[in-house]
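Open the model in a viewer and keep the sequence panel visible. The stops below each begin with a selection and then say what is there.

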Amino acid sequence: MHSVKNALYRGSPVIISEMTAQESRMHLAASRVGRLCVSDGMPYVVPISFVYEHGHIYSFSLVGQKVLAMRGNPQVCVEVDEIRNPRNWWSVVAFGRYEELSEGPRQNERDHAWSLLQKARPNWWEPGSETPQSEDKVASPPHLFFRINIERITGRRALA
Ligand SMILES: Cc1cc2nc3c(=O)[nH]c(=O)nc-3n(C[C@H](O)[C@H](O)[C@H](O)COP(=O)(O)OP(=O)(O)OC[C@H]3O[C@@H](n4cnc5c(N)ncnc54)[C@H](O)[C@@H]3O)c2cc1C
């Protein structure tokens, strides 16, 4: 225990600070992959590709465990980070509410999500459109677009 404590305090101390909401949003906007955390009795975390714009996180999915969980409990969070080393990192957690962008009444928002994802990354649909058993399913429903309306965002960073 004593040697662990010595190791922890060796060298200059790491300074951990809170980021402002604006700084946190800038990091979120520059990120393309985050960990989506949902809860449906049990917590469940998976990586997703997304684009952030004006307080919303836009993404795409097949209907599976995470979508069913978000339909049951729309309060979710998304975490993004960059860990250069244990003394130099930042991470952001955005909390918000799941909204499905259905065809028909929300077609404009759905098209907007599509164009944002399309601009952000070629082949953006690939990781979200396949399951271990299936061929590429993007052309055949039940794929969907969704967004998370961010209600609260926090960020921390460490610098030695
Ligand atoms: C870089 C990256 C980007 C991705 N982008 C997207 C995206 O934009 N949209 C999207 O829908 N998916 C994306 N995925 C895939 C995503 O992480 C899930 O694997 C996928 O969406 C299936 O999730 P589901 O809840 O529908 O699982 P289901 O297909 O319903 O499977 C259920 C079970 O499979 C297991 N499982 C599912 N996914 C994972 C996983 N990733 N790791 C370990 N176990 C798993 C769990 O035990 C879960 O209980 C991305 C993955 C990566 C690595």
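**Whole chain**

Start with the whole protein chain: among its contacts with a separation of 6 or more, 71% are between residues 24 or more positions apart. The model is a predicted one. Colour by secondary structure, and four helices and eight strands appear in the protein chain. Read from the N terminus, the order of elements is α-β-α-β-β-β-β-α-β-β-α-β. Of the chain's 160 residues, 25% count as buried.

**The largest nonpolar core**

Next, select Ile57, Tyr58, Val76, Val78, Ala94, Leu117 and Ile148. In the largest nonpolar core, which has 28 residues, these touch the most other members. Two or more core residues come from each of β2 (33-40), β4, β5, α3, β6, β7, α4 (107-120) and β8. Which element gives the largest share of this core? It is β8, with five residues. Now centre on Val78. Leaving out residues up to four places away in sequence, valine 78 touches Gly34, Arg35, Leu36, Ile57, Ala94 and Ile148. In soluble globular proteins, nonpolar side chains tend to be buried together.

**Helix α2**

Select residues 21-30, which form helix α2. Which of its residues are buried? Ser24, His27 and Leu28 are. Look down the axis of α2: the buried residues fall within an arc of 100°, so they line one face of the helix. An α-helix has 3.6 residues a turn, so residues three or four places apart point the same way. Turn to the face away from the buried side, where the exposed residues Gln22, Ala29 and Ala30 are found. To see what covers the buried residues of α2, show β1 (15-19), β4, β6 (75-85), β7 (88-101) and β8 (143-159), which are included in the cover.

**Strands β1 and β8**

Keep β1 and add β8. The two run antiparallel and are joined by five bridges. For one pair, pick serine 17, whose bridge partner in β8 is arginine 157. How many of the five residues of β1 are buried? The count is zero, and β1 is hardly covered.

**Asn149 and His54**

Stay on β8 and select asparagine 149, which is in that strand. Asparagine 149 is exposed, with 12 other C-beta atoms within 10 Å. Apart from residues up to four places away in sequence, Asn149 touches Gly55, His56, Gly96, Arg97 and Glu99.

Now add histidine 54. From C-alpha to C-alpha, asparagine 149 and histidine 54 are 9.3 Å apart in space, while 95 residues separate them in sequence. Histidine 54 sits in the loop between β4 (51-53) and β5. Is histidine 54 buried or exposed? Histidine 54 is exposed, as 7 other C-beta atoms lie within 10 Å. Check the backbone of histidine 54 too: phi is positive, about 45°, although the residue is not a glycine. Most residues other than glycine have a negative phi.

**Around the ligand**

Finally, select the ligand and the 15 residues around it. Which of these come nearest? They are Ser61, Gly64, Gln65, Pro127 and Gly128. The elements that each give two or more residues to this shell are β3 (42-49), β5 (56-62) and α3 (65-72). Colour the shell by residue class to end the tour: seven residues are nonpolar, seven are polar and one is charged.

Key. Residues are numbered from 1 along each chain as its sequence is written. This is a predicted model: local features need pLDDT of at least 70, side-chain atom pairs count only at pLDDT 80 or more; totals for chains, interfaces and linings use all residues. A residue is near a molecule or strand if its C-beta atom, placed from the backbone, lies within 6 Å of it. Ala, Val, Leu, Ile, Met, Phe, Trp, Tyr, Cys and Pro count as nonpolar, Asp, Glu, Lys and Arg as charged, and the others, Gly among them, as polar. A residue is buried if 20 or more other C-beta atoms lie within 10 Å of its own, exposed if 12 or fewer, and partly exposed in between; C-beta atoms are placed from the backbone. The arc is that of the directions from the helix axis to the C-beta atoms. Two residues are in contact if their C-beta atoms, placed from the backbone, lie within 7 Å. Two strands pair if DSSP finds at least two bridges between them. A nonpolar core is a set of buried Ala, Val, Leu, Ile, Met, Phe, Trp, Tyr and Cys residues joined through C-beta atoms within 7 Å.
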